[in-house]
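Here is a short, friendly walk through one protein model. Keep the sequence and the 3D view open as you read.

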Amino acid sequence: MSVYKTNRSIHKWASIVISLPLLVVLVTGILLLVKKEFSFIQPPTAKGEFTVPTMTFEQILTVAKSVESANITDWDDIRRLDVRPSKGITKIRSHNSVEIQVDSTTGKVLHIAQRNSELIESIHDGTFFEKNANIWLMLPVSLVVLIISITGIILFIQPYRKKKKRKLDRRFKDE
């Protein structure tokens, strides 16, 4: 089998093998790029009264516990706190992906919504399917994409190289 046929075969079969994982990464990547444009992916950020946060951690936990849909009873139920001084808010994210936006000065709950961007991120990096899938699935897919890119460039350049070689061969024949 020639190098060109082998290259074409590698390109074809590698493309077939990675098409589904690559499609998942592409679709979820597009959703993550536009996540701030769609409130069902990421809730819009509210704005507090003042830009200097004065709430204590204990007050933040008390406010978080008051929101039933978040199912927060203690700090173990909170995934992340995101303090935005310029907006005057603190975002509290629970483990069930409910986001509570609280005024960092008054403690008033400004917005409660489901945050789906974390789900999309976990699908995007493969950890939704299995904790270490980003290493044993997404890394090999990335390497195969690199191989497909290289073989694709070779397949693209190949006809031009052949054409140039034929021209050179004709030129030397004529001389």
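## Two unusual backbone spots and a nonpolar core

Let us start in a loop: serine 97 sits between β2 (89-94) and β3. This is a predicted model, and in it serine 97 shows a positive phi of about 70° although it is not a glycine. Most residues other than glycine have a negative phi. Is serine 97 buried or exposed? Serine 97 counts as buried because its relative accessibility is 15%, and the cut-off for buried is under 20%.

Asparagine 71 is another non-glycine residue with a positive phi, near 55°. Its place is the loop between α2 and β1 (78-84). Asparagine 71 counts as exposed because its relative accessibility is 55%, and exposed means over 50%.

Here are the two residues side by side:

| Residue | Phi | Relative accessibility |
|---|---|---|
| Asparagine 71 | near 55° | 55%, exposed |
| Serine 97 | about 70° | 15%, buried |

Now for the interior. The largest nonpolar core is made of 13 residues, and those with the most contacts inside it include Ala64, Ala70, Ile72 and Ile100. Which elements give two or more residues to this core? They are α2 (57-65) and β3 (98-103), and α2 gives the most, with 4 residues.

Isoleucine 100 is a handy place to click. Apart from its neighbours within four places in sequence, isoleucine 100 is in contact with Ala64, Val67, Ala70, Ile72, Thr90, Lys91, Ile92, Val109, His111 and Ile112. Among these partners, Ala64, Ala70, Ile72 and Ile92 also belong to the core residues with the most contacts inside it.

How values were computed
Residues are numbered from 1 along each chain as its sequence is written. This is a predicted model: local features need pLDDT of at least 70, side-chain atom pairs count only at pLDDT 80 or more; totals for chains, interfaces and linings use all residues. Side-chain values use heavy atoms; hydrogens and water are left out. A nonpolar core is a set of buried Ala, Val, Leu, Ile, Met, Phe, Trp, Tyr and Cys residues joined through side-chain atoms within 4.5 Å. Buried means under 20% relative accessible area, exposed over 50%, partly exposed in between (1.4 Å probe, protein chains only). Contact means heavy atoms within 4.5 Å.
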